[in-house]
Amino acid sequence: MLRNNAKWLLKFSIRSSTAKRRSAAYDKITSRPFSVLIQSFDKRHNLFQCEAFAVPKSTLKTTACSDQLGERQKGHPHAEPSESPSYNATNEFTTRTHTCGELRAEHAGQSVTLCGWLEFSRMSKFFTLRDGYGTVQALIAEENGPRIPLDGLPFESILRVTGKVQLRPDGQHNRFMPTGEIEVHVEKLEVLNESKKRLPINVKDHNRAKENLRLEYRYIDLRNPQMQRNLRLRSQVIMKMRECMINDFGFLEVETPTLFRRTPGGAQEFVVPSRKPGHFYSLVQSPQQFKQMLMVGAIDRYFQIARCYRDESTRPDRQPEFTQLDIELSFTDREKVIALVEAVLQKSWPFTDQPLKAPFPRMTLVEAMDRFGSDKPDVRFGYELQNVSALLSPRDQLAVSDVREQDFRAYANVIRAKEARQLPGGIRKTLDEIAKKSNYCKFTMSKITPDWNTGPIVRLLGQSATEAISGKLSLEPDDVLFLGWGKQSYVQNMMGRVRLAVYEMLESRSVVPKRATHAHNFLWVIDFPMFAENEETGTIESTHHPFTAPHPEDASKLADGVPPDAELFKIRSLAYDLVWNGVEIGGGSIRIHRSELQRRVLRDVLNIEHDHLGHLLDALDSGCPPHGGFAIGLDRYVSLLCSAASIRDVIAFPKSLDGKDPLSKAPVPISEEEKRIYHIKVIE
């Protein structure tokens, strides 16, 4: 292991004529500031054959450091004896001996030095000290009180405390604190920096400020234990991903540029002015083009922790700047990329007591939409949609304007009487709001009564359709039927949202099981269409992105030209999304690696001017291997691992819902001189 992780410096020999001298020689060389491996002993010439590595000996002793979650590990078996039962590298290069969160009963009797924030005090005698690793109680003995004044010292002041660890008296243990068995009897207290009296926000969990205020004073909010746990878990997961990619699978980490040129056909990009009049950079939405060109350049196993930018509206799971684990490799196919991603997630999974199991199940997009009304289905609960299109006629009362008969679909969802009786009274209003936001489809909610088959529903569906639906769905009195109909993709999406909303209402009332946040319901969604019609403009666009390759079984449809729209929309792509508990955490595809096919897609299908992609097309002409990749949205993924309500809770300095930075107030106006330098004129 040492050979793999340290730089080899030299080989050397040490002569020793006796076993005693050999032992002394061994002690001498291993005390040097290098890692020394005794390879062998040559009895004939009394020589130690040694190798030295440029690793400080202290580094070799710090393998017992705490992990990113603050959990202590056992001491290294070869570490030198010390006062501490376990060695913690977190305290290296600091003036403290321990963190506030690591002291336990086995430390009793030790003298320690702690640094942290004054969290709470009472009686001018007891106080708690907090750092990023936990909290510990300290006690100022009566004889030390006069020379260690605590009165009037503001909370959140920075202290350095020296004292002795003692067990708390019997009956005074705090089982809610990891350090609750002990307290530190203070011998010396230094105020390193006194805080102002009233801070704008509190650090305590039970009295947190509203989010915008917390973002404005993020430097205080970061002290909150939940933020500490989230950011340390994020660091741990990314570290494990890096180790896995490099050490286990031989990938090369390559940093690609952030400043690039505009890429039409994707998300809206941020524009960056330059000093050359009329010329602008764009911030990359992803390293897509760069990683494809790396494949051309024989960097056949690439990854990076990539920063990406999109000038889009923010949501709880979206930020204008975000981070992803970006992967690309050559000479691969869909199955191998999927297996790679599963392996990376397994190896970086932070909950070792509940290991992740692979392979993950798969579902085609057609099946996902038909059963769940979503391309990112939450499969932790049932209530699946029932396709009743064959039972209804898209005529008369069910007619929806601008929906052709061949595009007509109808879906039902049934809540049985036991749960339906506990639905809230305002459910109809909530679901009607969902329906109002859905174009090209309609919705109704109907409670089943004994005379339902002859009641008002008949005026809407007709007698035969009503009886057919009742029989197919086995409807019983007090069941509730949710029914949607209209244009296929629109009604599927609407009913998918209805399904989620209904379950959330029942879940909030404890009528149905609460969905487990860390349930291992990872799901691959595959076989996306290569092209789709834009709902607003009616133009053809890429479902994934324009560099995605067609499915091998459908590739012939693009071999000689562009087929009619009816056939074009049936072409499947080699795109794949990874969904976890109803959230898409990543996506990828096998790429087009032949320039003639890429030109046909851009020019003939998407009608995109592609002069700006000349560098990529030339690269494909220069001997480009088949390749594919994947990107995991780390902010979104880590927020799920942390059970956070928003990705903003796992980002140190996020933007607010309106895309602004409450901390610095960015974006802000620039001066007239700066406008002149960058040739900018502001038009109101």
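This report walks through a predicted model of a protein chain, moving from its overall make-up to its sheets, its helix pairs and two single residues.

## The chain as a whole

Let's start with the broad view. The protein chain has 684 residues, and 45% of them count as buried. Its secondary structure comprises 19 helices and 25 strands.

How far apart in sequence are the residues that touch? Among contacts between residues at least 6 apart in sequence, 68% join residues at least 24 apart.

## Strands β4, β7 and β8

A good place to begin with the strands is β7, which covers residues 158-167. Strand β4 (residues 111-122) runs antiparallel to β7, and 7 bridges join the two. Within this pairing, L114 stands opposite V161 in β7.

Strand β7 also pairs with β8 (residues 182-193), again in the antiparallel sense, through 10 bridges. Here V165 has V184 in β8 as its bridge partner. As background, strands of a sheet pair through backbone hydrogen bonds, either parallel or antiparallel.

## A four-stranded sheet and the helix across it

Further along the chain, 4 strands make up an open sheet with antiparallel pairing, in the order β16-β17-β19-β18. Which strands stand at the edges? They are β16 (386-387) and β18 (441-447); each has a single partner strand, so one side of each is left without a neighbour in the sheet.

At the β16 end, 2 bridges link β16 to strand β17 (residues 408-415), and the two pair in the antiparallel sense. One detail to look for is N387, whose bridge partner in β17 is Y411. At the other end, helix α11 lies across β18 and β19 (480-487), and α11 runs at about 165° to β18.

## Helices α11 and α14

The helix that lies across β18 and β19 also has a helix partner. Helix α11 (residues 427-436) packs with helix α14 (residues 488-508) at an angle of about 155°, and their axes are 10 Å apart. That angle makes α11 roughly antiparallel to α14, since the cut-off for this class is over 145 degrees. The crossing of the two helices is right-handed.

Which residues meet where these helices pack? From α11 come I427, T430, L431, I434 and A435, while α14 brings M494, R497, V498, A501, V502 and M505. By class, the residues of this contact are 9 nonpolar, 1 polar and 1 charged.

## Helices α6 and α18

A second helix pair brings together α6 (residues 225-248) and α18 (residues 634-641), which pack at an angle of about 120° with their axes 10 Å apart. The two helices are therefore oblique to each other. Their crossing is right-handed.

In this contact, N230, L233, R234, V237, I238 and M241 of α6 meet L634, D635, Y637, V638 and L641 of α18. The contact has 8 nonpolar, 1 polar and 2 charged residues.

## A three-stranded sheet

Another open sheet has 3 strands, in the order β10-β12-β11, and its pairing is antiparallel. Strands β10 (259-260) and β11 (271-273) are the edge strands, each pairing on one side only.

Strand β12 (residues 280-283) and β11 run antiparallel and are joined by 3 bridges. You can find one of these pairings at V271, whose bridge partner in β12 is S282.

## Two residues to look at closely

Is R214 buried or exposed? This residue sits in helix α4 (residues 211-216), and R214 counts as buried because its relative accessibility is 11%, where buried means under 20%. Leaving aside residues up to four places away in sequence, R214 touches I201, R208, A209, D221 and D649.

The other residue is A108, found in the loop between α3 (57-60) and β4. With a relative accessibility of 34%, A108 counts as partly exposed. Beyond residues up to four places away in sequence, A108 touches V165 and L167; V165 is the residue that has V184 in β8 as its bridge partner. A108 can also be compared with I182: the two are 74 residues apart in sequence and 7.4 Å apart in space, C-alpha to C-alpha.

Technical notes:
Residues are numbered from 1 along each chain as its sequence is written. This is a predicted model: local features need pLDDT of at least 70, side-chain atom pairs count only at pLDDT 80 or more; totals for chains, interfaces and linings use all residues. Side-chain values use heavy atoms; hydrogens and water are left out. Two strands pair if DSSP finds at least two bridges between them. Axes are lines fitted to C-alpha atoms, for helices over the stretch in contact, and angles run from 0 to 180 degrees between N-to-C directions. Angles under 35 degrees count as roughly parallel, over 145 as roughly antiparallel, 65 to 115 as roughly perpendicular and the rest as oblique. A crossing is left-handed if the near helix is turned anticlockwise from the far one by less than a right angle, and right-handed if clockwise. Contact means heavy atoms within 4.5 Å. Ala, Val, Leu, Ile, Met, Phe, Trp, Tyr, Cys and Pro count as nonpolar, Asp, Glu, Lys and Arg as charged, and the others, Gly among them, as polar. Buried means under 20% relative accessible area, exposed over 50%, partly exposed in between (1.4 Å probe, protein chains only).
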